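Me: Please take a close look at one part of this fold for me, strand by strand and residue by residue. I would like to know how that part is paired and covered, and then what a helix further along the chain looks like.

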Amino acid sequence: MEIGFIGLGKMGFPMARRLIEAGHQLTVFDTRTEATDKLVALGAQVASSPKDIADRCETVLASLPSLQASLDVATGTGGVIEGKRVKRFVDLSTVGSQMATRIHGLLAAKNIVQIDSPVSGGVGGAEKGTLAVMVSGPRADCDMLKPALGVIGKVFFIGEKPGSAQTMKLANNFLSATAMVATSEAVVMGVKSGLDPAVMVDVINAGSGLNTASRDKFPRAVLPRTFDFGFATGLMVKDVRLALDEMKSLGLSMEVAEAVGRLWEVVIRDQGAESDFTEAIKPIEKAAGVIVGGAKGGSHAAK
Ligand code: NAD
């Protein structure tokens, strides 16, 4: 299939690479030329703008870091909306249902179909092609995309309503965000009272506390203190804020979500938007006066 791909960052690059390796013809664009250069070396064509991609391809995928970037790339000057050939815009980014619906309306006026396709499973999942790919939009277009999206993960059709896959993704990421901070609080509590965090994580993973933070994030990025899981705090906070907005727009007030949202605002203020989201444990450690993990995976009192 001929595919345009815009946004070749931590997620976009491995997804685009897998599509090339599966035999799809890719035309790519990113504001960072080093990202496009690497894909050209693997066989992709490079375009000069989102419009240029949409002049050349019927199907354009995007994996972008902010709502504004998705809006600009899809509907701005020099955007996909101005392309001559494009028939469908598939947004792999997490933008929330309100922005997805806004982009849907603007593109529909130009007979371009907007398809939500947010993904979950992290950089590792993007590299291995094991993402959960949540798709919403017209059924026929979603079905037609399956051979391509199947290369990056397991495809779930969520519904025809614009934005519905985004709502699904926000529910998922709210749980992921909650697992990260809740596991941090649980492990910090144990370390403060003298438990070994590596033993704690083993017990949690053999017990009913098991979650994605204890299973994946703590062993790989928190206990060794590498904090390199590959998802920026700024992106996690974007998703938590979007989930809270989504709940409010539905007239819901969710107590756990409010508390989780407050904690993540502390994390972004303390650690910065560019930090890895596994660094969420740091303000919790600081408040408790302990540090979890380290070279031996053990614990010690903070200086
Ligand atoms: P990233 O910041 O690593 O990559 C974004 C890429 O978009 C960069 O290469 C950047 O240069 C490019 N870009 C930005 N503005 C652009 C523009 N106007 N035109 C063209 N290119 C532009 O972000 P990421 O971690 O790959 O995340 C991308 C999306 O996927 C986000 O919506 C994020 O929430 C979502 N997501 C990320 C993960 C993860 O683990 N990193 C997991 C699931 C979903």
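Reply: In this predicted model, strand β4 covers residues 59-62 and runs parallel to β5. The two strands are joined by 4 bridges. One pairing to look at is Leu61 in β4, whose bridge partner in β5 is Val90.

Now follow the chain from β4 to β5. Helix α4, residues 67-75, takes part in a β-α-β unit with these two strands. That unit is right-handed.

Next, the other pairing of β5. Strand β6 spans residues 113-116 and is also parallel to its partner, β5. Here too, 4 bridges make the link. Val90 appears again: its bridge partner in β6 is Ile115. Val90 is thus paired with Leu61 of β4 and with Ile115 of β6.

The connection from β5 to β6 involves helix α5, residues 96-108. β5, α5 and β6 form a right-handed β-α-β unit.

What about the faces of β5? In a regular strand, side chains alternate between the two faces of the sheet. β5 runs from residue 88 to 91, and both of its faces are covered. Arg88 and Val90 lie on one side. Phe89 and Asp91 lie on the other. These four residues are all buried. Being buried means a relative accessible area under 20%.

Now to helix α8, which spans residues 164-192. Three of its residues are worth a look: Met168, Thr178 and Ala182.

Start with Met168. Its relative accessible area is 37%, so it counts as partly exposed. Met168 joins Phe156 and Ile158 in a nonpolar surface patch of about 240 Å². Patch members need over 30% relative accessible area, so Met168, at 37%, passes that cut-off.

Then Thr178, also in α8. At 16% relative accessible area, Thr178 is buried, because the cut-off is under 20%. What does Thr178 touch, leaving aside its neighbours within four places in sequence? The contacts are Thr183, Val256 and Val260.

Last, Ala182, again in α8. Its relative accessibility is 40%, so Ala182 is partly exposed: the value falls between 20% and 50%. Ala182 can also be set against Ser214, which is 32 residues away in sequence. In space, their C-alpha atoms are 9.9 Å apart.

To recap: β5 pairs with β4 and with β6, and both of its faces are covered. In α8, Thr178 is buried, whereas Met168 and Ala182 are partly exposed.

Key. Residues numbered from 1 in each chain as written. Predicted model: local features only at pLDDT ≥ 70, side-chain atom pairs only at ≥ 80, totals over all residues. Heavy atoms only, no water. Buried < 20%, exposed > 50% of the residue type's maximum accessible area, 1.4 Å probe, protein only. Pairing = 2+ DSSP bridges. Right-handed = clockwise from strand over helix to strand, strands pointing away. Patch = residues over 30% accessible without salt bridge, like charges linked within 9 Å, V, L, I, M, F, W, Y side chains within 5 Å. Areas by Shrake-Rupley, 256 points an atom, 1.4 Å probe, with all protein chains shown as cover. Salt bridge = Lys/Arg side-chain N within 4 Å of Asp/Glu carboxyl O. Contact = heavy atoms within 4.5 Å.
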